[in-house]
Amino acid sequence: MRMTGAHVLRGLLALGMMSGLVGCGSFANCFNSGFAPAACGRGHRESDVSFLSQPTATSAEGRWTGTTPTGRTVAGLVLEDGSYWLFYSARGNPTVLAGLVQGTRTSHSGSFGSSNTRDFNLEGAGIRAATMRGSYVPSKRFDGTIAYFSGDTESFTSTSDADAESVPNLTQVIGTYTGLRSDNHTITVTVDSTGTLSGHASGGCTVVGTLSPRAKGNVFQISVTFGSGACRQGSETITGVAFYDAVTQRLYIAALNHTRTTSYLFLGTKP
């Protein structure tokens, strides 16, 4: 069948739109020890979606708070740079950190997809490779499902956090925080008026770092350097994000190295 010029153009446009879609999978129940690197499961390669065009302000970008069907709380960020950082708690205990789900994504017209999801689990599973897919209503709702390469899945539902549009306020963040993680580490972190961070874990590892404000959401860019001695990472420096929940007075911190094989994860509350 012969196609006219107009038909050819419409066909090319349709193919172009289809090629921008990312096939994805689902969420799970995991997190890595922020002080101890873990190896990813063998035999799996993550797919890079960094070549995809970045979403606009109508994407899933924002700060989100929610739950999983397995009794975990979820709190996290979808940022304008294409990354997402989703903290999750132990089952039935929102103050005990159990893990972080992180990756890069594409989101368009209410659909969310990520093919390079990693779950940094503090409950013994280490770092797990996965994919994620979901749906969202900008600034209102974000729901997702994580599908692990092992075959496990978990889902979450969340709504926009009250601080999503707040200007970062370092004065609110100043203070000392204590947190317990599912790997039985108790961690204390102190932030001073200059944005300097210092922390130590019950196992003896210490860190120092800095916080600098991002555009909104009470979100900060963070750099963390491990102390020598008790830290398995030596003096490695890693980067990531931090955000403060003014209602619960909780500070969330997640930093990773470039290859996402080392992490520093923290959830703590002011006394």
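This dialogue works through several features of the predicted model shown above.

Student: How should I read the pairing of strands, and in which sense do β6 and β7 pair?

Tutor: Begin with the bridges that join one strand to another. In this predicted model, strand β6 (residues 111-121) pairs with β7 in the antiparallel sense, over 9 bridges. One partnership can be followed by eye: Gly113 has Arg133 in β7 as its bridge partner. The two strands form a hairpin with 4 residues between them, and Gly124 in the turn has a positive phi of about 110°.

Student: How many bridges join β7 to β8?

Tutor: There are 8 bridges between β7 and strand β8 (residues 141-148), and these strands run antiparallel. Thr131 has Ala147 in β8 as its bridge partner. The hairpin of β7 and β8 has 3 residues between the strands, and Ser139 takes a positive phi near 65° there.

Student: How do I judge a single polar residue within a strand? For instance, is Arg128 buried or exposed?

Tutor: Compare the relative accessibility with the cut-off, since buried means under 20%. Arg128, found in strand β7 (residues 126-137), has 14% relative accessibility and therefore counts as buried. The next step is to look for a polar partner. The side chain of Arg128 makes a polar contact with that of Ser150, at 2.9 Å.

Student: Which side chain makes a polar contact with Asn116?

Tutor: The side chains of Asn116 and Ser114 are joined by a polar contact of 3.3 Å. Asn116 lies in strand β6 and is buried, with a relative accessible area of 5%.

Student: What of a polar residue in a loop? Where is Asn218 placed?

Tutor: Asn218 is in the loop between β13 (206-213) and β14 (219-226). A loop position does not by itself settle burial, so the accessible area must be consulted: for Asn218 the relative value is 1%, and the residue is buried. Leaving aside neighbours within four places in sequence, its contacts include Arg63, Asp163, Pro168, Gln172 and Phe243.

Student: How do I read a disulfide, and which cysteines form one here?

Tutor: Look at the sulfur separation, the rotation about the S-S bond and the places that are linked. A search of the whole structure finds 1 disulfide. Cys205 and Cys231 form the link, with their sulfur atoms 1.9 Å apart; the link is right-handed, with 105° about the S-S bond. The pair links distant parts of the chain, 26 residues apart: Cys205 is in the loop between β12 (196-201) and β13, and Cys231 is in the loop between β14 and β15 (237-245). Both cysteines are buried.

Student: How should I approach the nonpolar interior, and how many residues has the largest nonpolar core?

Tutor: In soluble globular proteins, nonpolar side chains tend to be buried together. Here the largest nonpolar core has 23 residues, and those with the most contacts inside it are Val189, Leu251, Ile253 and Tyr264. The elements giving two or more residues to this core include β11 (186-191), β16 (250-256) and β17 (263-269). The largest share, 4 residues, comes from β14. A second, separate core of 19 residues includes Ala60, Val74, Val78 and Ala130.

Student: Which residues are in contact with Ile253?

Tutor: Among them, leaving aside neighbours within four places in sequence, are Phe87, Val189, Leu197, Ile222, Val241 and Tyr264.

Student: Finally, how are salt bridges read, and how many are found?

Tutor: Side chains of opposite charge can pair when their charged atoms come close. A search of the whole structure finds 9 salt bridges. In one of these, the side chains of Asp161 and Arg63 meet at 3.5 Å, N to O. Asp161 lies in the loop between β9 (153-160) and α2 (170-173) and Arg63 in strand β1 (residues 62-67), so the pair ties together parts 98 residues apart in sequence. Both Asp161 and Arg63 are buried.

Student: Is Glu165, the partner of Lys216, buried or exposed?

Tutor: The closest N and O atoms of Lys216 and Glu165 are 3.7 Å apart. Lys216 is partly exposed at 35% relative accessibility, while Glu165 is exposed, with a relative accessible area of 56%. Salt bridges that share partners join Glu61, Glu165 and Lys216 into one network.

Note on methods
Residues numbered from 1 in each chain as written. Predicted model: local features only at pLDDT ≥ 70, side-chain atom pairs only at ≥ 80, totals over all residues. Heavy atoms only, no water. Buried < 20%, exposed > 50% of the residue type's maximum accessible area, 1.4 Å probe, protein only. Contact = heavy atoms within 4.5 Å. Polar contact = N/O pair within 3.5 Å; in protein donor to acceptor, adjacent residues only side chain to side chain. Pairing = 2+ DSSP bridges. Disulfide = S-S within 2.5 Å. Core = buried A, V, L, I, M, F, W, Y, C linked by side-chain atoms within 4.5 Å. Salt bridge = Lys/Arg side-chain N within 4 Å of Asp/Glu carboxyl O.
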